[in-house]
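Subject: Structure handover

Dear colleague,

Here is the structure I said I would pass on. My notes on it follow below.

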Amino acid sequence: MSDVIEETEDQALPLDGWHREQGARMVSFAGYHMPIQYEGIIAEHLWTRAHAGLFDVSHMGQLTISGEGADCALEALLPGDIKGIAPGRIRYSLLLAENGGILDDLMVTRLPSGELYVVVNGATKYDDIAHMHEHLPEEVTLNRMDEHALLALQGPEAVTALVRILPGVEALTFMTSGAFDWNGVPMWISRSGYTGEDGFEISVPAERAVDLAERLTAEPEVKPIGLGARDSLRLEAGLPLYGHDLDPETTPIMADLGFALPKRRREEGGFPGAERILIEREQGPVQKRLGLLVEGRQPVREGALVLDADGNQVGRVTSGGFSPSLERPIAMAYLPPSLGPTVQVEQRGKIFQATVTPMPFVPHRYHR
């Protein structure tokens, strides 16, 4: 396969004008104008935890992959059991470099037609597409769904609001999906998301995205939510963000994503970096993504150094912030797995005490 993808800067997404009308503060993110907040990050975060938040994630790449042997071809690039995905089921997986480093994390769904629907991160989508074009065989076709927007409705009351608009959506369970029709508008809806809460991701034709956003936010449970709260929610949920907690120097085992390596693929291998990844799985990685509860009120940020009791650098923070739910700072860091429970974090010459803790920081509430 061959294709040339040109990345452009600061494009306007289908909901750009709508966000501005809602009073959003817009920022540049992944080459697009995106809303970072409306009322304020903490208020939006807590609203989503209690009710339902509507996120615009249209910057993410939506793709379909089809053709003879498409699932086998994709298994040569990912460590997931792609051949075993049943129609309507979703798999979290990883696009891997030859050395086993992570190029992106993504979601793969099998559509009723047999095609594979793939959602990749916005900041990496052009690189992902180029990588797939280079490595997928000629008989496999990759299509970009540029004419579709992607909305995420997240929170414990998401289903309450959405079922009024789309009866039957309540039958979906976590990591399942289906086709729905809203007043003649075809939509593909998955019960998934990246906040740790129950919720849905909705792929909708771009020209109807504003209509859908208006209809959803007309429900009393739903408010528009920006990127700021999306980040704090996923951090509380212990979910890694590509380009921060995941990168080409990080393997799935280091990132504590071993669940993305199902038994068949571990036994058969055949994915990039398999030898290194399987040895790491057996022997343990030198460093692993771990959680930190930080003392005090000041958050530590990405790049802060983690020190052991003797003041030696043993790792670094990859994501950090203030947890609105826990009312304290939390962080993720790559550290030696054998490290003791208490560490120090150095940020701008200041030392903070922290405790290594399991993740998620806030329990997941997926509808299984």
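To start with one pair of residues, V345 has F352 in β19 as its bridge partner. The strands behind this pair are β18 (residues 342–347) and β19 (residues 350–357), which run antiparallel and are joined by 6 bridges. Helices (H or I, at least four residues) and strands (E, at least two) are DSSP runs, numbered from the N terminus, and two strands count as paired if DSSP finds at least two bridges between them.

Before going further, please note that this is a predicted model, in which local features need pLDDT of at least 70 and side-chain atom pairs count only at pLDDT 80 or more, while totals for chains, interfaces and linings use all residues. Residues are numbered from 1 along each chain as its sequence is written, and side-chain values use heavy atoms, with hydrogens and water left out.

The barrel and α7

β18 and β19 belong to a barrel that 6 strands close in the order β14-β17-β16-β15-β18-β19, with antiparallel pairing. From one strand to the next the twist averages 40°. For this and the other angles, axes are lines fitted to C-alpha atoms (for helices over the stretch in contact), and angles run from 0 to 180 degrees between N-to-C directions.

Helix α7 packs on this sheet and touches β16 and β17, its direction making about 125° with that of β16. Contact here means heavy atoms within 4.5 Å. How much of α7 (residues 227–236) is buried? The helix is mostly covered, with 9 of its 10 residues buried, where buried means under 20% relative accessible area, exposed over 50% and partly exposed in between (1.4 Å probe, protein chains only). Among the buried residues of α7 are L227, R230, R234 and E236. Their cover includes β1, β2, α2 (41–50), β3, β16 (313–323) and β17 (328–335). Just after the helix, G238 takes a positive phi of about 70°.

The hairpin of β1 and β2

Two of the strands that cover α7, β1 and β2, also pair with each other. β1 (residues 25–29) and β2 (residues 32–37) are antiparallel over 5 bridges, and M26 stands opposite P35 in β2. The hairpin has 2 residues between the strands, and A30 has a positive phi near 55°.

The open sheet

There is also an open sheet of 5 strands, in the order β5-β6-β7-β4-β8 and with antiparallel pairing. β5 (90–96) and β8 (141–144) stand at the edges with a single partner strand each, so one side of each has no neighbour in the sheet. Neighbouring strands are turned by 30° against each other on average, direction ignored. Within the sheet, β4 (residues 61–66) and β7 (residues 116–120) run antiparallel and are joined by 5 bridges; T64 stands opposite Y117 in β7. Helix α4 (residues 125–135) lies across β4, β5, β6 (102–110), β7 and β8, at about 160° to β8.

The cores

A nonpolar core is a set of buried Ala, Val, Leu, Ile, Met, Phe, Trp, Tyr and Cys residues joined through side-chain atoms within 4.5 Å. The largest one has 31 residues, and L166, M187 and I189 have the most contacts inside it. At least two residues each come from β3 (52–56), β9 (148–154), α5, β10, β11 (185–190), β12 (199–205) and α6 (209–217). α5 gives the most, with 5 residues. Beyond four places in sequence, M187 is in contact with residues including L166, F180, W182, I202 and L212. A second, separate core has 23 residues, including I90, I102, M254 and Y334.

Is T176 buried or exposed? T176 is buried, with a relative accessible area of 9%. T176 sits in the loop between α5 (158–165) and β10 (177–182). Leaving out residues up to four places away in sequence, T176 touches G88, R89, I90, I189, S190 and R191.

The chain as a whole

The protein chain has 9 helices and 19 strands. Of its 368 residues, 57% are buried. Its radius of gyration is 20 Å, which agrees with the value near 21 Å for a compact globule of 368 residues; the radius is taken over C-alpha atoms, and the globule rule is 2.2 Å times the number of residues to the power 0.38. The C-alpha trace spans about 65 × 50 × 40 Å along its principal axes.

Regards
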